[in-house]
Amino acid sequence: MDDRIGRRSFLKRSLLVGTSLIVGDQVFGRVGNTIRNELSTFTDIDLAVVEGASYYNATRKAVELLGGMRRFVNKQSKIGLLVNSRFDKPGTYANPQIAAAVVGMCYEAGAKEIVSLEDASGSYWRRATLTTELKEQADSIREPSGWSTVEIPKGKRLKKAELVRDLLECDVFINIPVFKDHEGTRFTGTLKNIMGATSYSTNQFFHQGSNAKGYYDDIEFLSECIIDANLVRRPTLCIADATELIMTNGPFGPGKIVKPRKIVAGIDGVAVDAYGTRFVGLHPEDIMMIRMAGDAGLGRVDLENLKVVGATL
Amino acid sequence: MKYNATVVLLLALLSLAQGCLPAPQEKITLHNSLVECFPDSGQAGSWTITDSLCIYRGKDLYLLLDGGADLFEEYGFLQVGSTVYTDELGVAVTVEVYEMTNPAAAFGIYSLLTVEGGVKIEIGQEATEGEYYIQVWKGRFLVTITARDADRWVKDPARELARAIERRLEGGSRKPDLAEFMSGADSTYQGIVYLRGGLGLANAWTFWYGNIVRLTEGVTGRSGSGNSLIVRYTDGEECARALDSALTELTGPQGFTLVSRADRDVVLHDKQGATVMFVPAGRVLLVAGARSQEEARRCIGELQIRVSRLQ
């Protein structure tokens, strides 16, 4: 995983390294043309799935397939970054190379400020080898500034929530989860990652607001709360880590690790999650919160109708 | 020892900073020297501690394992020490030593967290080595050593570290009898998990959702292509009530079809056609889940042969 690469070397390598491209139903077999052609053709795609040994490069490629970061980030934008970073065992957190690639692309697109929406573990950025440039960019990320209480009139269970203030105030919200097993909800991805931006008391309500005795005694209530919280702010962009993940003993690990070495990116977080269930051996309909998200109109779960573009670096 | 003084200071500061809750009210003596279970530099090959050593007690476990702490609580959690060791090659591992309320609780959480595919190694009372971690059960302790980077695992040095820690832990009694029941010398069961509640059940048993059998103690394992579950109750009446309640739930919200209900067994099919079979036997409930009815019946037969030892 020693994946030492910076922005300049990536750009340089992109010109040199051949890229194979798969379009449509992922394994769909139709081979596309050049990257230049992709940009004009595929900005309406639903999901970009990129496989590669360099997670940094794969992340940049996935965003490029969606039309590039400038499609999402304007000059002087304030970016809110929600990275699943709390646990530190392999396969339980979004790889810092991925987050670093996103940070770099945001600055290149002209972002003014990047704020972490989760009070990330202090060791997070030390878990990957980053170039000096990327390290400086990571150091520039501001910590969250505090909490705001918001009303959720359309919330089924959660009528009020305490959320990181910057989630509400940022211009661009980028959600960076890792797909993995979860002992309560069975799967975690973009939808569940919103709990990284909620306060402890709101979090407790998710788990025990229905008077459930244990943390996971009422998964239906928990799932409904997750959906309600996602009504507050939908992500501008979701970039999910499917590079290395645990299929058992989630969310904390250690568990059985698999290494699909893929990045899944899209605007629709529900579609990203629906696609991501395959990495833990499940289907979208197996996961209550994904079914509920589809029913609530938060996003699409009809995988067969999504336009998916894949690439291998 | 200089290191110990540093650790004591760190722990004091940590307690203040994290507002550690007092130890659980249950009258159990904590292993006060949990800190001493962590070898100092030079005491375990080339490993040295390279991060602060944090101790989490009672509800503070949520600070370490938010989203996973309840599972440990279900088994009976007391405290955990966590730190990072790094060897001379720069390979870093996270080491956690969990102290549970008793050896059965520690064995239970060990059995649940042990990932299939790992190999048994001779450390502590039982230990498993996976592709990037080692888990050790000894007495009321679970030791977990996990590579910080799954691609950088140093097998022999990690075993040396595990042994150095294990030597500092008190031993304990045998496995719980339910677990022994499945894991005895003549056992053909694999993936044996000793259960203490619904969360463990949800993690280890996939044939239905929720703790519909009201499990407070049980064991599950795989035999052939079928899965077996034994749930133990205080008496036969409680067992019968739990079975009735489970059948109501399965044939109601969970959409199972009742295939047959005889005096001695109940057979159901789920929506995909898998079979779940229940047989009450005194104060234990025998359960089998399999793709076919024949396989489920074979699993139950296997359990019945051994069950008299438990009554």
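Begin in chain A by selecting strand E11 (residues 237–242) together with E14(A), which run antiparallel and are joined by five bridges. The model on the screen is a predicted one, and every value in this tour is computed from it. Within the pair, pick out A:Ala240 and look across to E14(A), where A:Val264 stands opposite.

**The strand in the middle of the selection**

Keep E14(A) selected and add strand E3 (residues 47–51) of chain A, which is likewise joined to E14(A) by five bridges and runs antiparallel to it. A useful landmark here is A:Leu47, whose bridge partner in E14(A) is A:Gly266. Now colour E14(A), residues 262–266, by burial: five of its five residues are buried, so the strand is largely enclosed by the rest of the structure. If the side chains are displayed as well, A:Lys262, A:Val264 and A:Gly266 point one way from the strand while A:Ile263 and A:Ala265 point the other way, and all are buried.

**From the strands to the nonpolar core**

Which residues touch the most other members of the largest nonpolar core? They are A:Leu47, A:Val102 and A:Ile239, in a core of 191 residues, and A:Leu47 is the residue already met as the bridge partner of A:Gly266. This core also reaches the other chain, since it draws at least three residues from each of domain 1 (2–166) and domain 2 (177–310) of chain B. Centre the view next on A:Val102 and, leaving aside its neighbours within four places in sequence, select its contacts, which are A:Thr59, A:Leu81, A:Ile174, A:Ile176 and A:Ile239.

**A covered helix in chain A**

Move on to helix H9 (residues 219–232) of chain A, whose 14 residues reach 21 Å from the first C-alpha to the last, close to the 20 Å expected at 1.5 Å a residue. Is this helix mostly covered or mostly open? H9(A) is mostly covered, with 11 of its 14 residues buried. Among those buried residues are A:Phe221, A:Leu222, A:Cys225, A:Ile226 and A:Ile227, and also A:Glu224 and A:Asp228. To see what lies over them, add strand E7 (160–164), helix H7 (190–193), helix H8 (200–208) and helix H11 (288–295) of chain A, which are included in the cover of the buried residues of H9(A).

Two of these covering helices lead to the next stop, for A:Met195 sits in the loop between H7 and H8 of chain A. Although it is a loop residue, A:Met195 counts as buried because it has 22 C-beta neighbours inside 10 Å, where the cut-off for burial is 20 or more. Not counting residues up to four places away in sequence, A:Met195 touches A:Asn203, A:Phe206 and A:Ile226; of these, A:Ile226 is one of the buried residues of H9(A). A distance label drawn between the C-alpha atoms of A:Met195 and A:Phe206, which are 11 residues apart along the chain, should read 9.0 Å.

**Stepping back to both chains**

Zoom out and show the whole of chain A, which has 11 helices and 15 strands and in which 55% of the 313 residues count as buried. Of the contacts in chain A with a separation of 6 or more, 75% are between residues 24 or more positions apart. Then turn to chain B, with nine helices and 15 strands, where buried residues make up 47% of the 311 residues and where the corresponding share of contacts between residues 24 or more positions apart is 59%.

**Where the chains meet**

Select the contact between the two chains, which takes 23 residues from chain B and 20 residues from chain A. On the chain B side, H3, strand E8 (141–147) and helix H7 (198–204) each supply at least two residues, and E8(B) gives the most, with three residues. By class, this side of chain B has nine nonpolar, eight polar and six charged residues.

**Between the domains of chain B**

For the last stop, colour chain B by its division into domain 1 (2–166) and domain 2 (177–310). The contact between them takes 10 residues from domain 1 and 12 residues from domain 2. On the domain 1 side, helix H3 (69–75) and helix H4 (103–113) of chain B are the elements that give two or more residues, and the largest share, five residues, comes from H4(B). That side of domain 1 has five nonpolar, two polar and three charged residues.

Key:
Residues numbered from 1 in each chain as written. Chains lettered and ligands numbered in written order. Predicted model: local features only at pLDDT ≥ 70, side-chain atom pairs only at ≥ 80, totals over all residues. Domains from an automatic or database assignment. Contact = placed C-beta atoms within 7 Å. Helix = DSSP H or I, 4+ residues; strand = E, 2+ residues; numbered from the N terminus. Nonpolar A, V, L, I, M, F, W, Y, C, P; charged D, E, K, R; others polar. Core = buried A, V, L, I, M, F, W, Y, C linked by C-beta atoms within 7 Å. Buried ≥ 20, exposed ≤ 12 C-beta atoms within 10 Å, placed from the backbone. Pairing = 2+ DSSP bridges. Expected span 1.5 Å × (residues − 1).
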